[in-house]
Amino acid sequence: QMIHIHHKIVLWANEDYLVLEPLAVLGQSLVFNKNTQEITQSRSPLATLSGGVQESREVFGIIGIIKLHAGKYLILITERSFVCTIDSAKIYRIDDIALYPCFPSSLLSEAQKNDKTCIGFLKNLLTGRDFYFSYQFDLSTSLQKRLHKRNYNPNLPLHQRFDPRFFWNSTILEDLSKLHLHEWILPLMRGSVQSHMILLKDILFDFILISRRSRFRAGTRYNTRGVDLEGNVANYVETEQLLMSNGKLNSFVQVRGSIPLLWEQKGIQFTPKPVISRNTADNTKGFSLHFGEDLERYQRICVVNLLDHKGDENQLREAFETHINQLKDDRLTYYSFYFHEVCKNNQFSRVSILLDEIEPELNFVGYLRAVKPSKTTPIVPQTFQNGIFRTNCLDCLDRTNLVQSKIATQVLRRQLKELMGSKPPSQDDYTLVERLLKEAWANNGDVLSKQYAGTGALKADFTRTGKQRKIGVMKDGVNSLSRYFINNFVDDMRQASIDLFLGRPVETIDLTSVQKRSEDPEERDLQEHRLRHAAALLMSRFLHDETIVQAWPINAVNKLNKEKPRVLVLTDRNLYRAKYNDKEDKLDRTKRISLDTLTSVAKGTTPFPSLQIYFSSSSGSSAIGSRRKEKAASKRYSSSTYEDDDLPEGTSGSHIKEKRKMNYYKAPEHYPFDSAVELVDEIISSITEARSTLLKKPLDIVEEKAPFRRSAAVLSPSAVKHRSQKPKEPKEGHRSNFDPSDPWSAW
């Protein structure tokens with residue numbers, strides 16, 4: 001007999017009990033005794049609440065029971081949204097949740113303060129609008145697997161049919177599972193579900209795109225990379241594309257996943273260098289287990305590797321290919337496509353070269369075809385999909401999503417032609433459907449990217465429209481900068497949320513460290529705001545034919561040793577320094593230094609990591625502003641030697657005679673020492689690499705062990721004149737910048 005999960009429930013709560021009463025069907029209520037920690041069933045729930053009712057509300061299902069510091073909490077769905085219908089079953093998305101303590105209030109103590117942090121983490125995770133459920137339909141399993149009668153029993157309770165890889169709340173439902181309370185166990189899937197209806201030549205089509213994220217080795221971008229020793233890889237997602245019409249059903253499945261080797265990327269750099277474990281035995285074990293399990297599951301795998309053939313990604317690509325060759329399995333085919341080289345300058349349409357290469361494999365793999373003669377009859381398979389495409393890049397996000405969307409488009413064209421039969425689709429029909437497909441895959445990429453990297457996908461503009469517009473390039477640049485902040489200041493909190501939800505004991509999570517890592521959220525948010533908006537304004541106003549490489553928050557230091565928050569933006573030809581006006585959302589001052597005028601970079605290590613950037617004549621540096629302001633400043637400062645730090649807004653250093661130019665920078669104050677060192681190293685290495693790429697010449701790098709001092713060549717004559725004099729004592733009541741521990745601070 002089919003077991004129906006309760007979907008309309010009333011919660012009754014008081015000091016001693018939590019009672020869940022099903023409304024839609026007759027059944028026993030679920031009773032949580034706060035004093036004894038027992039879970040029982042009762043047919044007279046109100047009799048249990050003899051002490052009165054303190055709260056009652058409608059809820060839509062149990063997510064699980066989680067143990068925090070103070071005790072166990074019951075997690076309930078309090079708000080949901082209808083998404084679509086699949087096979088006559090409704091699919092919902094979680095919008096809001098609530099946690100109720102399963103222990104008496106007398107036990108509340110200091111522990112509950114820590115629990116508030118954990119509850120906040122869990123709420124942020126579960127209300128991200130990417131957890132889906134159904135009371136009847138198995139969202140975790142592809143149509144092809146459901147039609148394999150040997151491996152799938154549709155008569156089992158829903159949670160026992162659910163694919164363990166995608167059953168996100170399985171661990172926190174164990175208390176109910178042990179009591180065989182099948183009608184209360186509601187499995188959740190994390191990922192994306194989209195549904196669209198298409199009308200072509202009076203034929204109605206249902207298009208559904210489902211992405212299922214694995215809970216094994218789940219986490220955030222730089223916290224989870226590669227494979228573990230059980231063969232689970234980071235960012236593993238199975239995506240199924242369904243097209244249905246008049247009882248005919250087509251399904252096509254693809255997967256993505258991190259490179260199945262033991263590797264990581266650590267540090268606060270914009271793009272940390274991948275580091276592969278040297279333990280050959282562990283790498284071989286994880287690699288073999290991963291492909292062994294997927295080959296057993298999908299029978300055949302076509303690997304599409306989009307990693308670079310040069311630079312930091314190349315070592316991963318070579319190691320990947322070495323292990324594939326060592327596996328020696330005929331069921332595994334491999335294609336390597338140098339995406340960034342073939343599609344450089346935003347020529348993403350050249351992915352067609354890859355599609356031509358893999359066409360023989362695409363013909364062999366095919367897709368599932370099935371029929372359902374009527375609503376009451378079972379689905380009958382006609383042909384099965386003979387394997388899958390496994391696509392990866394470094395993050396398995398942007399390049400991967402674009403290529404997967406292109407493969408899906410090729411398959412959809414074939415499916416349409418078959419399903420429309422005697423009414424073959426016209427070019428206008430294909431255009432209409434492909435426009436919808438692009439939108440769906442772009443949305444899919446955004447959701448998966450937010451889950452793993454914290455922002456929407458890059459290259460989404462091309463996936464969505466088929467063109468890489470200027471606004472798309474700008475959005476990619478801003479999203480890249482957002483990822484930088486999220487990876488360094490927010491990811492630890494997001495990782496802790498995932499670990500908690502998946503059942504990791506709360507005692508093993510260092511909440512103090514997580515909070516410290518993201519301390520001073522106001523400063524963090526302000527830095528991200530400046531970086532995002534300054535870069536966006538730069539790209540919209542000045543970077544018409546330049547490619548943004550990286551960007552950093554930084555403090556510029558003037559000759560009085562005052563630190564001013566700035567944003568450094570590096571392109572393929574110039575280095576920009578911008579001052580962002582938070583109140584008016586504009587750039588008050590923007591300075592441009594041409595990379596071909598850079599002469600050297602000095603790195604300071606004491607007392608705090610810092611750097612000085614030297615460049616040649618004043619022709620290499622200019623402030624971007626009005627010509628009138630530049631001329632006025634030229635007359636005013638023509639007799640002195642100054643840096644642009646000292647010039648008014650819009651003033652250009654190109655009108656002033658100078659012997660030498662130098663900019664002095666430090667990491668923002670909220671950076672710990674080690675993070676500041678990494679930031680300075682990252683800026684130096686990026687500038688050096690960009691300049692070498694442009695000019696094919698190395699840049700001199702000097703490391704200073706002593707604290708930086710400004711040289712006379714870059715100080716104004718008045719400052720040079722008084723350099724050796726003892727600083728004057730400030731007058732009474734006068735504010736001074738003089739620091740007795742640093743006699744140079746007065747200058």
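**Notebook: strand pairing, cores and two unusual backbone angles**

I began with a single pair of residues in the predicted model: Val19 has Val31 as its bridge partner in strand S3. I then followed the same two strands further and noted that Tyr17 is bridged to Asn33 of S3. Strand S2 covers residues 17-22 and strand S3 covers residues 29-33, and I found them paired in the antiparallel sense over four bridges. Between S2 and S3 I counted six residues, the two strands forming a hairpin.

Next I looked at the other partner of S2, which is strand S1, residues 9-13; five bridges join these two antiparallel strands. The pair I wrote down here is Leu11, whose bridge partner in S2 is Leu20. S1 and S2 also make a hairpin, with three residues between them.

I then asked myself in which order the strands of this open sheet lie. Reading across, I get S4-S3-S2-S1-S5, five strands with antiparallel pairing. The edges are held by strand S4 (39-42) and strand S5 (55-59), each of which pairs on one side only. I also looked up the turn between neighbouring strands of this sheet, and on average it comes to 20° with direction ignored. As a reminder to myself while viewing side chains, in a regular strand they alternate between the two faces of the sheet.

Leu20 came up again when I turned to the nonpolar cores. The largest one has 79 residues, and Leu20 is listed with Ile63, Leu176 and Phe501 as having the most contacts inside it. Strand S8, residues 89-101, gives the most to this core, with eight residues. I keep in mind that nonpolar side chains tend to be buried together in soluble globular proteins.

Which residues does Phe501 touch, leaving out those up to four places away in sequence? I listed Ile63, Ile66, Leu122, Leu125, Leu126, Phe131, Trp168, Asn169, Ile172 and Leu188. Apart from the largest core I noted another, of 24 residues, which includes Trp552, Leu595, Ile613 and Ala667.

I moved on to the backbone angles, bearing in mind that most residues other than glycine have a negative phi. Arg217 departs from this with a positive phi near 50°, and I located Arg217 in the loop between strand S11 (203-213) and strand S12 (237-245). Is Arg217 buried, partly exposed or exposed? Its relative accessibility is 27%, so I entered Arg217 as partly exposed.

Lys328 is the other residue I looked up for this reason, since it is not a glycine and yet has a positive phi of about 50°. Lys328 sits in the loop between helix H7 (312-327) and strand S17 (332-336). Because the relative accessible area of Lys328 is 72%, and the cut-off for exposed is over 50%, I entered Lys328 as exposed.

Finally I took down the values for the whole chain. It has 18 helices and 29 strands, and of its 747 residues 55% count as buried. The accessible surface comes to about 33,300 Å², with 49% of that area belonging to carbon and sulfur atoms. For contacts between residues at least 6 apart in sequence, I noted that 66% join residues at least 24 apart.

Notes
Residues numbered from 1 in each chain as written. Predicted model: local features only at pLDDT ≥ 70, side-chain atom pairs only at ≥ 80, totals over all residues. Heavy atoms only, no water. Pairing = 2+ DSSP bridges. Axes fitted to C-alpha atoms, helices over the stretch in contact; angles between N-to-C directions. Buried < 20%, exposed > 50% of the residue type's maximum accessible area, 1.4 Å probe, protein only. Contact = heavy atoms within 4.5 Å. Areas by Shrake-Rupley, 256 points an atom, 1.4 Å probe, with all protein chains shown as cover. Core = buried A, V, L, I, M, F, W, Y, C linked by side-chain atoms within 4.5 Å.
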